[in-house]
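Keep the sequence and the model open side by side while reading. The paragraphs below go from one part of the chain to the next.

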Amino acid sequence: MKNNRHQKIIELVQQHVIDTQEELARRLNEAGYEVTQATVSRDIRQLKLTKTSGVDGKSRYTFSGESGTELAEKYIRVLKDGLVSMDMAQNILVVKTVSGMAMAVAAALDAINFSEIVGSIAGDDTVMCAVRSVEDTRIVMDKIRELQR
């Protein structure tokens, strides 16, 4: 069931401009899959869907079957395109993003797998990362700045 749903999600994001979890859940429900927003959120993480900007400037979920270097380059591009600013509050890293890009930036930070980051929470234009220590927060900020060059 889950594999069939994942295949349907990939099909949907490749055929339609889907920019919210709610839109994806609605389309899945219309296709006969009874899902909640929480299920869709888990599926997005498991499939490693990312939000990217289309030519029209509207963000949308995309699926990439690539791995390794190609995938790493895409995550770095998401950071470059989506990240607006960073600030820290002790061991909390606050990342401001372009509107609608916080989930994609959080997914990129998770995929890059900084050992200093314990976890991330994303809203619409803000990502909050729990970092192991104040010093680690500075280290992560430096690493992100280096990736943006």
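Helices and strands here are DSSP runs, numbered from the N terminus, where a helix has at least four residues and a strand at least two. With that in hand, N113 can be placed: this residue comes just after helix 5 and takes a positive phi of about 65°. The model is a predicted one.

Begin with helix 1, which covers residues 2-15. What span should its 14 residues have? At 1.5 Å a residue, counted as one less than the number of residues, the expected span is 20 Å, and the end C-alpha atoms are 20 Å apart, so the two agree. The buried residues of this helix are R5, H6, K8, I9, I10, L12 and V13. An α-helix has 3.6 residues a turn, so residues three or four places apart point the same way. The cover over the buried residues of helix 1 includes helix 2 (21-30), helix 3 (37-47) and strand 2 (59-62).

Between helix 2 and helix 3 runs a loop, and V35 is located there. Is V35 buried or exposed? Its relative accessibility is 12%, and buried means under 20%, so V35 counts as buried. Apart from neighbours within four places in sequence, V35 has contacts with R5, A25, L28, N29 and V40. One of these, R5, is among the buried residues of helix 1. From V35 to L47 there are 12 residues in sequence and 16 Å in space, C-alpha to C-alpha.

Strand 2 contains S59. This serine also counts as buried, because its relative accessibility is 12%. If residues up to four places away in sequence are not counted, S59 touches V17, D19, K51, T52, S53, G100 and M101. K51 has another partner to look at: K51 lies over the face of Y61, at 5.3 Å from the ring centre. As for aromatic pairs, a search of the whole structure finds zero.

Now turn to the sheet. Four strands form an open sheet in the order 3-4-6-5, and the pairing is antiparallel. Strand 3 and strand 5 (117-122) stand at the edges with a single partner strand each, so one side of each has no neighbour in the sheet. On average, neighbouring strands of this sheet are turned by 20° against each other, direction ignored.

How do the strands of this sheet connect? Strand 3 (residues 83-89) pairs with strand 4 (residues 92-97) over six bridges, in the antiparallel sense. In this pairing, L83 has T97 of strand 4 as its bridge partner. The two strands form a hairpin with two residues between them, and in the turn Q90 has a positive phi of about 60°. Strand 5 and strand 6 (residues 126-131) also run antiparallel and are joined by five bridges. Here A122 has V127 of strand 6 as its bridge partner.

Two helices remain to be placed against the sheet. Helix 5 (residues 102-112) lies across strand 3, strand 4, strand 5 and strand 6, and runs at about 25° to strand 6. Its buried residues are A102, A104, V105, A106, A108 and L109. Helix 6 (residues 134-147) lies across strand 3, strand 4, strand 5 and strand 6 as well, and runs at about 165° to strand 3.

Terms used. Residues are numbered from 1 along each chain as its sequence is written. This is a predicted model: local features need pLDDT of at least 70, side-chain atom pairs count only at pLDDT 80 or more; totals for chains, interfaces and linings use all residues. Side-chain values use heavy atoms; hydrogens and water are left out. Two strands pair if DSSP finds at least two bridges between them. Buried means under 20% relative accessible area, exposed over 50%, partly exposed in between (1.4 Å probe, protein chains only). Contact means heavy atoms within 4.5 Å. Rings of Phe, Tyr and Trp (its six-membered ring) pair if their centres lie within 6.5 Å; planes under 30 degrees apart count as stacked, over 60 as edge-to-face and the rest as tilted. A charge sits over a ring if NZ of Lys or CZ of Arg is within 6 Å of the ring centre and within 35 degrees of the ring normal. Axes are lines fitted to C-alpha atoms, for helices over the stretch in contact, and angles run from 0 to 180 degrees between N-to-C directions.
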